[in-house]
Amino acid sequence: MDFQVVVLAGGVSKKLLPLVSHELPNALLPVANRPVLSYVVELLELSNLKDLIVVVEGKDTALNVGAWISGAYADRLHVEVAAVPEDVGTAGAIRAIARHLYAKDILIVSGDLVSDVPIGAVAATHRRHDAVVTALLCNTPVSGPLESVSSGGKDKAKKPGRYDLIGLDPTKQFLLHIATGAEVEKDLRIQKSILRSVGQVEIRADLMDAHLYAFKRSVLLEVLDQNGEFHSLKHDVLPYLVRSQLKSEVLLNGTPQAEENGTEKVISQSNQQMLSQILANASEPTFHLRHELSTNGSDSVRRTHKCCVYIAGSNKYCARLNSLQAYNDINRDVIGEASHLSGYSFSSHNNIIDPTAELGAKTTVGPHCMLGEGSQMGDKCSVKRSVIGRHCRIGANVKVVNSVVMNHVTIGDGCSIQGSVICSNVQLQERATLKDCQVGAGYMVTAGSDCKGEVLTKK
């Protein structure tokens, strides 16, 4: 389809500490025992998009990601790994590789996206409307917006729910307003020019911007060049394009008027997770019809460009691994209700036990579980709704529930692990109990420890 594809794979996110490090950056964080980046790479491959630029923050991170890609996809895909400085943001990352972009349209996707939404459908929508940007919108995860959860640890208050407030035209094809990470309790303001032009806007808080965009290259690079302060595609570039899609040629009774910069207060709702409010004026044309009228000069507001959306069906899976809670949720989903994404064949017991793994007497591995290559479990162990990595050594009478255990972890007899993430090369001595904890790579949990809601890392 003549699209260039850019995967923004990030670097080492503070939101994901202590799970990530320069040795294990965001892109290589395991989901069901395979790097999260593999999910978006293979989703692109399904749409026959096999020529990719993967942008990574930091040279060391780029070397690690590049080595993994070479080993996994050398004979299937053409992937160029580009290193950019750390903390340049998604807008800065695109500026840094601008000279490598030549196609008419660019697909930009976050490397932490785990989804089965066909990317080709987003690209086709973009081309059909000749849009400057088309954004993928998905249903907000059941657990709430992924940006809203606490990052773990003791006494950390949960942040108020923050949502993407999205304004759509009646046909649900055009993006009229977006407030990313907005607090639902606050008033929502929409430009008067938008309201005059479309007459009807549907405001949604049950949709998530999935950070998958198709951009018209010339417009994207011009906006980035002219707005050097823009740091984020989602928070800066997309809202800018949405705001600027109506030019200030407002006619009142046939007389040109300067457009007000004002906004109308549209809605105020408190403590409401799902927001759907219709602002209706039945006598006005639809947004799409307005655009058609503007081609013969009779319209009161001139459209300069189109911002479009592709809304994924409710049966599609779509989540971003951008928080500790999201990491737990996505691992659980990929071995559970979204098991088709895992790439593995599940047994008749609805689990995955590698043929080289060893189970002791009276040890049970329940449904929606994964036990990796070469791992060994002692007698009378129980694993429920959990992922256990490769080459782990687990003693007797160990319970693992709703947890992720990475590779080369040693767990002593009588340990109990619930709702936790255990990074690689961790050692849990006998009778240690962990609940809702994150344990950084290489840490030793001493015998008999009882930890709740803690982040345990090497000093």
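The following exercises, each with a worked solution, concern a predicted model.

**Exercise 1. Cysteines and disulfides**

Determine how many disulfides the structure holds, and state whether C138 and C415 are buried or exposed.

Solution.
Step 1. The criterion is that a pair of cysteine sulfur atoms must lie within 2.5 Å.
Step 2. A count on this basis gives zero disulfides.
Step 3. C415 illustrates the result: the nearest cysteine sulfur belongs to C381 and is 9.8 Å away, and C415 is in no disulfide.
Step 4. To judge burial, recall that a residue is buried when its relative accessible area is under 20%.
Step 5. C138 has a relative accessible area of 2% and is therefore buried. C415, at 1%, is also classed as buried.

**Exercise 2. A salt bridge between separate parts of the chain**

Identify the residue with which K216 forms a salt bridge, and explain which parts of the chain the pair ties together.

Solution.
Step 1. The partner of K216 is D130, and their closest N and O atoms are 3.0 Å apart. This distance satisfies the requirement that the nitrogen and the carboxyl oxygen be within 4 Å.
Step 2. Locate the two residues. K216 belongs to strand β13, residues 207–216, whereas D130 is in the loop between α4 (119–129) and β8 (133–139).
Step 3. Because these parts are 86 residues apart in sequence, the pair ties together separate parts of the chain.
Step 4. Consider the surroundings of each partner. K216 is buried, with 17% relative accessible area, whereas D130 is partly exposed at 43%.

**Exercise 3. A network of salt bridges**

State how many salt bridges the whole structure contains, and name the residues that are linked in a network.

Solution.
Step 1. A search of the whole structure yields ten salt bridges.
Step 2. The residues linked in a network of such bridges are K172, E202, R204 and D206.
Step 3. Within this group, examine R204 and D206, whose side chains meet in a salt bridge with an N to O distance of 2.7 Å.
Step 4. Assess burial for this pair. R204 has a relative accessible area of 12% and is buried; D206 is buried as well, at 17%.

**Exercise 4. Two mostly buried helices**

For helices α9 and α1, find how many residues are buried, and examine the salt bridge between R332 and D329.

Solution.
Step 1. Helix α9 covers residues 324–334, and nine of its eleven residues are buried. Among them are L324, A326, Y327 and I330.
Step 2. R332 and D329 meet through their side chains in a salt bridge of 3.1 Å, N to O.
Step 3. The two residues are three residues apart in helix α9, so about one helical turn separates them.
Step 4. The partners have these accessibilities: R332 is partly exposed at 41%, while D329 is buried at 7%.
Step 5. Turn to helix α1, residues 36–46. Nine of its eleven residues are buried, so the helix is largely enclosed by the rest of the structure. The buried residues include V36, L37, Y39 and E45.
Step 6. After α1 comes N48, which has a positive phi near 60 degrees.

**Exercise 5. Features of the backbone**

Locate the cis peptide bond, and describe where N397 and N425, two residues with positive phi, are found.

Solution.
Step 1. The cis peptide bond joins L17 and P18, with omega about 5 degrees. P18 is situated in the loop between β1 and β2.
Step 2. N397 is not a glycine, yet its phi is positive, near 55 degrees. Its place is the loop between β27 (393–394) and β28 (399–401), and N397 is partly exposed at 42%.
Step 3. N425, likewise not a glycine, has a positive phi of about 65 degrees. The loop between β32 (421–422) and β33 (427–428) contains N425, which is partly exposed at 49%.

**Exercise 6. A charged surface patch**

Name the residues that form a negative surface patch, and determine whether E23 is buried or exposed.

Solution.
Step 1. The negative patch is made up of E23, D60, E86 and D87.
Step 2. Place E23 in the chain: this residue is in the loop between β1 (3–10) and β2 (30–31).
Step 3. A residue counts as exposed when its relative accessible area is over 50%. Since E23 has a value of 63%, E23 is exposed.

Note on methods:
Residues are numbered from 1 along each chain as its sequence is written. This is a predicted model: local features need pLDDT of at least 70, side-chain atom pairs count only at pLDDT 80 or more; totals for chains, interfaces and linings use all residues. Side-chain values use heavy atoms; hydrogens and water are left out. Buried means under 20% relative accessible area, exposed over 50%, partly exposed in between (1.4 Å probe, protein chains only). Patches are made of residues with over 30% relative accessible area and no salt bridge: like charges are joined within 9 Å, nonpolar side chains (Val, Leu, Ile, Met, Phe, Trp, Tyr) within 5 Å. Accessible areas come from the Shrake-Rupley method with a 1.4 Å probe; for residues, only the protein chains shown count as cover. Lys and Arg count as positive and Asp and Glu as negative; His and the chain ends are not counted. The place of a charge is taken as NZ of Lys, CZ of Arg, CG of Asp or CD of Glu. Helices (H or I, at least four residues) and strands (E, at least two) are DSSP runs, numbered from the N terminus.
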